[in-house]
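User: Could you zoom in on a single part of this one and walk me through it properly? I'd like to know how that part is built in, and then how it fits into the wider picture.

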Protein chains: 2
Amino acid sequence: MTTKYNNVYIEDTYTVCGNYENDGPLSEYFDLKHEKDLYFGEKTWEKAEVKLLKEAVDGIIDKKKIEEEDIDLLISGDLQNQIAASDYMARDYNIPFLGIFEACATSGEGLLIGSTFVESKNAKRVLVTTSSHNMVAEKQFRNPTEYGAPKHKTATFTATGAVAILLSNKKSKVRIESSTVGKVIDLGTTDVNHMGAVMAPAAGEVIYNHLKDTKRKPDYYDLILTGDLGIYGKDILKDYLMTNYNLDISSNYNDCGTMLYDIQKQPVFAGGSGPVCSGLVNFGYIYKEMLQGKFKKVLIVPTGAVFSPTFTFQKESIPSIANAISLEVVE
Amino acid sequence: MTTKYNNVYIEDTYTVCGNYENDGPLSEYFDLKHEKDLYFGEKTWEKAEVKLLKEAVDGIIDKKKIEEEDIDLLISGDLQNQIAASDYMARDYNIPFLGIFEACATSGEGLLIGSTFVESKNAKRVLVTTSSHNMVAEKQFRNPTEYGAPKHKTATFTATGAVAILLSNKKSKVRIESSTVGKVIDLGTTDVNHMGAVMAPAAGEVIYNHLKDTKRKPDYYDLILTGDLGIYGKDILKDYLMTNYNLDISSNYNDCGTMLYDIQKQPVFAGGSGPVCSGLVNFGYIYKEMLQGKFKKVLIVPTGAVFSPTFTFQKESIPSIANAISLEVVE
């Protein structure tokens with residue numbers, strides 16, 4: 001389902017990152033950077049993630065000199081069971097709340113729901129937030145870090161941070177031009193250590209559907225940017241689109257998971273992941289470079305493996321989803 | 001945030017229930033009733049819940065003689081970690097998908113998001129689904145059932161079933177007249193065995209805000225129906241609204257958690273809960289009685305405790321949310 005918008009603008013963004021992301025090549029684009037450990041003064045990792053989200057919300061409120069009451073709607077989701085980081089953040093704000101979950105594709109889902117509320121004039125200002133925390137994800141989805149379990153080279157590294165994206169009907173320099181809602185795709189992959197392979201088909205389907213619905217060629221965009229397939233998933237996506245749809249995106253395509261870290265030097269295996277990985281790349285780096293005119297039209301495609309460890313233990317394959325959002329500099 | 005709609009109709013609903021719900025007083029209103037055990041032919045409880053959701057989706061598709069492709073958008077959420085029942089259901093349908101989570105308030109959230117897509121003409125038909133499964137909830141949130149842990153009298157019984165609500169821009173007998181998005185409320189309650197006390201303030205706040213925004217008195221509605229506070233939470237809500245806002249709703253108020261089961265005879269303690277408890281009452285009983293003219297204007301207020309067992313172990317209090325949706329018979 002593809003929708004075009006006429007009146008949805010990004011008023012501003014605010015990005016918060018941890019030390020690994022601060023050590024990466026895009027550090028200069030983030031608003032608040034943590035440099036020490038992953039607790040940020042909290043007693044647990046889960047509470048540390050709530051703190052990051054609150055820093056993002058407080059950050060954008062301060063940056064724009066607005067009040068909570070100036071925001072009509074808060075849309076948030078994260079990787080914690082029960083999207084707990086979002087719920088326990090939201091209880092501290094007097095803003096109507098919608099909780100969403102599409103794993104690492106959550107920022108895209110939030111943007112297209114938020115855009116629908118703004119475009120239909122049901123809300124003037126919508127705040128979309130998401131977060132992830134490396135240690136929370138390791139604890140919940142993988143092994144206790146104390147085990148020191150070796151990682152497969154196709155594994156990815158969950159990014160730590162939070163992003164806040166303020167959508168508004170007030171004209172600004174970057175607008176949400178259109179969006180395509182993705183479908184849940186499951187081609188039978190069962191390897192939890194290779195999420196790039198799991199998610200690439202979902203990204204491929206939504207990119208194909210977006211281009212078909214808008215009657216565009218890949219070169220309409222300065223950049224098509226998935227997130228977060230990693231170095232192997234990126235190649236799988238290019239193959240998938242070429243094999244299934246004879247569609248070549250290689251000249252203007254990149255993946256957020258390959259951009260957030262220095263993959264050669266940092267211990268991130270196939271690249272970054274987690275909802276905030278594409279969040280930091282898209283709303284730190286890409287958004288700020290769009291403000292500077294480096295990119296004019298960008299199709300962002302946050303990708304998520306919407307799997308459950310319980311179903312994986314029950315021998316089920318892994319479903320995934322991706323949404324496509326077209327960002328455009330307002331001339 | 002309150003929104004009025006002009007063109008959002010309930011095209012139809014489909015309800016699926018388990019044996020406990022089938023033994024309750026509202027059984028005659030449900031479309032598909034399971035009578036035996038809680039596995040429904042599946043090997044695990046989690047997969048059994050997926051089956052219920054698929055029965056609800058297939059049921060509404062068959063009932064309306066439509067195809068998957070006639071549905072523009074599927075919105076679903078449930079209580080499983082990673083809303084797994086919804087994700088693993090959605091992979092079997094070729095329908096764009098939005099995953100949501102507000103615990104037992106999920107059906108209300110789905111309705112107001114779906115209504116926004118229909119009202120803004122971004123979608124002609126939206127299918128909103130939710131589910132819960134007693135044994136999945138016991139396993140994930142409470143104790144292994146084999147322990148036979150005694151229950152507190154304020155505890156509730158998670159309902160088993162699934163509901164599908166088909167929203168459309170095509171005129172029908174019942175419409176979504178307006179909605180009010182709730183805020184996450186946390187007044188410091190920590191008792192996981194008394195969710196009615198946790199959720200009553202969230203219900204109170206959204207009912208108050210809805211009536212204020214629409215300039216209505218409680219008697220505008222034939223019925224104000226929360227779900228699922230249970231017998232104790234119901235009294236707490238009435239006290240909360242009287243004490244804080246001098247608002248008396250007692251003459252036309254009821255709670256879904258007190259209606260789904262025969263509380264005197266069935267082993268449900270303070271009543272029913274789970275996303276599908278209010279789902280079955282609202283879209284089985286209430287919807288069908290609206291079609292018959294018994295109720296003309298009903299304010300449904302699904303309530304949810306958006307808590308995380310992890311945060312509860314970390315001594316945090318329990319956040320909750322509720323949304324208000326006004327259903328109206330079209331004259």
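Analyst: Quick bit of vocabulary before we start: the helices and strands here are DSSP runs, at least four residues for a helix (H or I) and at least two for a strand (E), numbered from the N terminus. Also keep in mind that this is a predicted model.

The part I'd pick is strand E10 of chain A, along with the turn-off that follows it. E10(A) covers residues 223-227, and four of its five residues are buried, so the rest of the structure largely encloses the strand. What does it pair with? One partner is strand E13 of chain A (residues 297-305), which runs parallel to E10(A) and is joined to it by five bridges. In that pairing, A:Gly227 sits opposite A:Pro302. Another partner is strand E11 of chain A (residues 253-255), again in the parallel sense, this time over three bridges. There, A:Thr226 faces A:Asp255. As a rule for regular strands, side chains alternate between the two faces of the sheet.

The link between E10(A) and E11(A) is worth following too. Helix H7 of chain A (residues 230-245) joins these two strands in a right-handed β-α-β unit. Between E10 and H7 of chain A comes a loop, and A:Asp228 is in it. Here's the detail I'd check in your viewer: the peptide bond between A:Gly227 and A:Asp228 is cis, with omega about 15°. So A:Gly227 turns up twice in this story, once opposite A:Pro302 in E13(A) and once in that cis bond. Chain B has a cis bond as well, joining B:Gly227 and B:Asp228, and omega is about 15° there too. B:Asp228 lies in the loop between strand E10 (223-227) and helix H7 (230-245) of chain B.

Now zoom out to chain A. It has nine helices and 15 strands. Its radius of gyration is 18 Å, which agrees with the value near 20 Å for a compact globule of 331 residues. Along the principal axes, the C-alpha atoms fill a box of roughly 50 × 50 × 35 Å. Burial is at 63% of the 331 residues in the chain. Of the contacts with a separation of 6 or more, 79% are between residues 24 or more positions apart. Want one long-range example? A:Lys173, in the loop between strand E8 (161-168) and strand E9 (174-180) of chain A, has its C-alpha atom 5.7 Å from that of A:Val329, which is 156 residues away along the chain. Beyond its sequence neighbours up to four places away, A:Lys173 touches A:Leu291, A:Val329 and A:Val330. With 16 other C-beta atoms within 10 Å, A:Lys173 counts as partly exposed.

And the two chains together? A rotation of 180° with 0.0 Å of shift along its axis puts chain B on chain A, at an RMSD of 0.0 Å. The two copies are thus related as by a two-fold rotation axis. The contact residues follow suit: 100% of those in chain B recur in chain A, with the same surface serving both copies. Each side of the contact is made of 48 residues, from chain A and from chain B. On the chain B side, helix H4 (106-119) is among the elements giving two or more residues, and H4(B) gives the most, with five. B:Ile100 is the residue of chain B that comes closest to the rotation axis, with its C-alpha at 2.0 Å.

The largest nonpolar core holds 232 residues, and A:Leu73 and B:Leu73 touch the most other members. Apart from neighbours within four places in sequence, the contacts of A:Leu73 include A:Ile95, A:Phe117 and A:Val126, and also B:Met1 and B:Val181 from chain B.

Two backbone oddities to finish, both in chain B. B:Ile83 isn't a glycine, yet has a positive phi of about 35°; B:Ile83 is buried, with 30 other C-beta atoms within 10 Å. B:Lys215 also has a positive phi, near 55°. That residue sits in the loop between helix H6 (195-214) and E10 of chain B, and B:Lys215 counts as exposed, with 7 C-beta neighbours inside 10 Å.

Methods: Residues numbered from 1 in each chain as written. Chains lettered and ligands numbered in written order. Predicted model: local features only at pLDDT ≥ 70, side-chain atom pairs only at ≥ 80, totals over all residues. Least-squares fit on C-alpha atoms with pLDDT ≥ 70 in both. Contact = placed C-beta atoms within 7 Å. Buried ≥ 20, exposed ≤ 12 C-beta atoms within 10 Å, placed from the backbone. Pairing = 2+ DSSP bridges. Right-handed = clockwise from strand over helix to strand, strands pointing away. Rg over C-alpha atoms; globule rule 2.2 N^0.38 Å. Core = buried A, V, L, I, M, F, W, Y, C linked by C-beta atoms within 7 Å.
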